[in-house]
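I opened a fresh notebook page for this one. Here is what I looked up, entry by entry.

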Amino acid sequence: MSAAASWLTEGWKRFGSSGSNAVRFCDGPVSGLRWSADFLGGWVWLTQWQTARTHELGDSDFKAWSDAVKQALPRAQGAVLQSRPFKGAPPHPTVLFGTEPASGVEVSENLGNAQLRAIVRFGAVSHPGIFLDHAPLRRWIFEHSRGERVMNTFAYTGLLGVAAGLGGATEVVNADLSKKTLLWADENTALNGVSGVVHSFAGDTMRDLKIRSKKGERFGGVILDPPSFSRSKTSVFSTDKDLGVLHELALSCVRDGGWLSTSINSVSIGHRQFESHRVGVRLEHLLDIESPEPFPRNQVKGWVFRVKR
């Protein structure tokens, strides 16, 4: 058995029996480089996390990993491999084997007394559509949204908003700049039977929050999961430059006693720096958003706060 197949086999023994068909079961070094492996509805998504010195993968590498997946997980219906660059946008993955259904693949996640369902994709995408490290946050939102209006910004495929809808929120807004990903979010909303509660809004999040704040609109929960960088027709956003303003706008849209969830895709942002962004409010720390094993455990992904005025 190859080193890659052994790594996949051991990871599956530890994390593959979680009862979910959407799980990261491997994350760690293989031949000196970080790799990860996600099981998604019968498919395996492999990721090579490049460093400045990572060599470019060739046909022999794809063949070796294809053989490793088939050996370690004989029931796998397909596999893709993505080499994520040290800097810049990730490319579409390379299909190792299998034919993806045109409608994507359905996965599910246990929220306690409900199942969250999602469509994932493997072809012309740079991400399958579900952030597995957000599983603990989706469960927390499910458990704390009953009776609330919830705003899910930078929503991507909308799953944090879907979790709020399944948890009994009275209204959920999935807001994102990309109309294409919001169509994907709408698929997930319909799949979970919460279309009457969850709806999409396409637009610039900073501008939208500013308008809602001026109108006095308040939510029981606001979810922030900004990218490190994004560009619209009228503005450019980066966490290094704009995070403080984003937090101030989001806090202004949370009702007294409501909660704010903020996930930060940057190792340079810390809890103390976030606290400096609050304006005229007190924050009660409710939760550290930590990635579950086997994700790297060297940083907190974000926090949830109770907002008190």
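**Entry 1: the covered strand**

I began inside the sheet, where N152 stands opposite I223 in β11. A reminder to myself before going on: this is a predicted model. The N152 entry belongs to the pairing of β11 with strand β8 (residues 149-152), which is parallel and has three bridges. I then asked which strand β11 joins through five bridges. That strand is β14, and the two run parallel. Here I noted G221, which stands opposite W259 in β14. I also checked how covered β11 is, and six of its six residues turn out to be buried.

**Entry 2: the whole sheet**

Next I wanted the strand order. Seven strands make up an open sheet, and I wrote them down as β10-β9-β8-β11-β14-β16-β15, with mixed pairing. Which strands stand at the edges? They are β10 (198-202) and β15 (282-289); each has a single partner strand, so one side of each lacks a neighbour in the sheet. I looked up the twist too: on average, neighbouring strands of this sheet are turned by 20 degrees against each other, direction ignored.

For the antiparallel part of the mix, I went to β15 and strand β16 (residues 302-308), which run antiparallel and are joined by seven bridges. Within that pairing, D288 has W303 in β16 as its bridge partner. A general note for the margin: strands of a sheet pair through backbone hydrogen bonds, in either the parallel or the antiparallel sense.

**Entry 3: helices on the sheet**

I turned to what lies across these strands. Helix α5 (residues 179-191) lies across β9 (171-176) and β10, and runs at about 180 degrees to β10. Helix α3 lies across β11 (219-224), β14 (254-263), β15 and β16. The angle I noted for α3 against β14 is about 165 degrees.

**Entry 4: α3 meets α4**

Having found α3 on the sheet, I looked for its helix contact. The axes of α3 (residues 135-143) and α4 (residues 159-166) come within 7 Å and cross at roughly 35 degrees. The crossing is right-handed. On the α3 side I listed L137, R138, I141 and F142, and on the α4 side L159, L160, A163, A164 and L166. Sorted by class, this contact has eight nonpolar residues, no polar ones and one charged.

**Entry 5: aromatic pairs**

Last, I went through the rings. How many aromatic pairs are there? The count comes to 10. I started with W7 and W65, whose ring centres are 6.1 Å apart with planes at 80 degrees, so the pair is edge-to-face. W7 lies in helix α1 (residues 3-15) and W65 in helix α2 (residues 59-72), so this pair ties together parts 58 residues apart in sequence.

Buried or exposed, I wondered about W7? W7 is buried, at a relative accessible area of 17%. W65 is buried as well, at 7%.

I then took W12 and F25, an edge-to-face pair with 5.1 Å centre to centre and 90 degrees between the planes. This pair links distant parts of the chain, since W12 is in helix α1 and F25 is in strand β1 (residues 22-30), 13 residues apart. W12 and F25 are both buried.

To close the page, I returned to W7 and W65: ring pairs link them with W35 into a cluster.

Conventions: Residues are numbered from 1 along each chain as its sequence is written. This is a predicted model: local features need pLDDT of at least 70, side-chain atom pairs count only at pLDDT 80 or more; totals for chains, interfaces and linings use all residues. Side-chain values use heavy atoms; hydrogens and water are left out. Axes are lines fitted to C-alpha atoms, for helices over the stretch in contact, and angles run from 0 to 180 degrees between N-to-C directions. Helices (H or I, at least four residues) and strands (E, at least two) are DSSP runs, numbered from the N terminus. A crossing is left-handed if the near helix is turned anticlockwise from the far one by less than a right angle, and right-handed if clockwise. Contact means heavy atoms within 4.5 Å. Ala, Val, Leu, Ile, Met, Phe, Trp, Tyr, Cys and Pro count as nonpolar, Asp, Glu, Lys and Arg as charged, and the others, Gly among them, as polar. Two strands pair if DSSP finds at least two bridges between them. Rings of Phe, Tyr and Trp (its six-membered ring) pair if their centres lie within 6.5 Å; planes under 30 degrees apart count as stacked, over 60 as edge-to-face and the rest as tilted. Buried means under 20% relative accessible area, exposed over 50%, partly exposed in between (1.4 Å probe, protein chains only).
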